[in-house]
Amino acid sequence: QDTLRDEPIDYAPGDIFFGLDMQPQVQVAQGVFYQDLRRQGVYVQFAVYDLLCVLMPQYFNEGAADGHTEWLKVVAESDGAICISNAAADELSDWVRENSPPRQRPFNINWFHLGADVDNSAPSKGLPAEAKTELNQISQSISFLMVGTLEPRKGHMQGLEAFEQLWQTDQDVSLIIVGKQGWMVVELIEKLRASPELNKRLFWLDSISDEYLEKVYAASTCLIAASYGEGFGLPLIEAAQHKLPIIARDIPVFHEVAGEHAYYFTGKKPDTIAKAISTWLGLYQNDQHPKSDAMPWLTWKEGANQLGNILLKKH
């Protein structure tokens, strides 16, 4: 049986090794090799997307934090890291300062922003048979959209319970959840499926295509970004591309991405989101809500250029 074979890489002093993909088990196993590269004059860096497993272990499966920590140790032994946001870079700086031994050479931490022009990636296509009906229902109501894998960190449970409060007070608003089922969300899934509002004022669109997601953004009224922590926050940019207003949790990375172009809330209880939505609706009805139309964002080409400039600058 034929198998793909990789040729050994040839390297020399002054070369750059950049670990763009996060493969904790592989990269931990190759820690000695990276140090050999460094001894031979190769500059070794890694991309760091977030430290969420380590900073918020309660939202991840058992053992996730340990694996991520071992990977971070390998990263911290290299020459530097490039994070996908300034907020993630600040978190990595704090972690390195608290957890890494003294070094002879500096550990350089930089950051860039991801691109967000989905049309220039490889967008998935296809619409389900019920798409037209769902889109009509979404567009005919005041619809709030949550986008992302269903996992505890994303704040879906808090969001759903907030809407249950709003429905009990006869607020005619809809909640649209887009994302596949992740981990530690059995209770959330049961609550979603048992809701009397399911497919009426509550929709869970599981594993939909990029094409359908674009149409859902266009049909919705506002994005809710309720994550307790993120490495970046791509849905905020996707919302801005559709001129969709944003209600976001008050965390540093969302301020970095959205700035003054979002309405922010704090607190982890359902009523904090419910109150934020009620306040936002008052602003929205008077056209006084923060608007995302002018929110800046990068294309993938611009993001890649940013990354390339950081990688190739004199170190």
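**Exercise 1. Compare the span of helix α12 with the expected span, then find where its buried residues lie.**

Solution. Helix α12 covers residues 270-285, which is 16 residues. From first C-alpha to last it reaches 23 Å, close to the 22 Å expected at 1.5 Å a residue. The expected span is 1.5 Å times one less than the number of residues. Helices here are DSSP runs of H or I with at least four residues, strands are runs of E with at least two, and both are numbered from the N terminus.

This is a predicted model: local features need pLDDT of at least 70, side-chain atom pairs count only at pLDDT 80 or more, and totals for chains, interfaces and linings use all residues. Residues are numbered from 1 along each chain as its sequence is written, and side-chain values use heavy atoms, without hydrogens and water.

Next, list the buried residues of α12: P270, I273, A274, A276, I277, W280 and L281. They cover an arc of only 160° around the axis, so they lie on the same side of α12. The arc is taken from the directions from the helix axis to the C-beta atoms. Buried means under 20% relative accessible area, exposed over 50%, and partly exposed in between (1.4 Å probe, protein chains only). An α-helix has 3.6 residues a turn, so residues three or four places apart point the same way.

Now look for partners. The buried residues of α12 pack against several elements, including α7 (156-168), β5 (142-147) and β6 (173-178). Contact means heavy atoms within 4.5 Å. After α12 comes D287, with a positive phi near 55°.

**Exercise 2. Classify the ring pair F17 and F46.**

Solution. Start with the rule. Rings of Phe, Tyr and Trp (its six-membered ring) pair if their centres lie within 6.5 Å; planes under 30 degrees apart are stacked, over 60 edge-to-face, and the rest tilted. By this rule there are eleven aromatic pairs. The centres of F17 and F46 are 6.3 Å apart and the planes stand at 70°, so this pair is edge-to-face. The pair links distant parts of the chain: F17 is in strand β1 (residues 16-19) and F46 in strand β2 (residues 43-48), 29 residues apart. F17 is partly exposed at 24% relative accessibility. F46 is buried at 1%.

**Exercise 3. Is Q104 buried or exposed?**

Solution. Locate Q104 in the loop between α5 (86-99) and β4 (108-111). Its relative accessible area is 86%, so Q104 is exposed.
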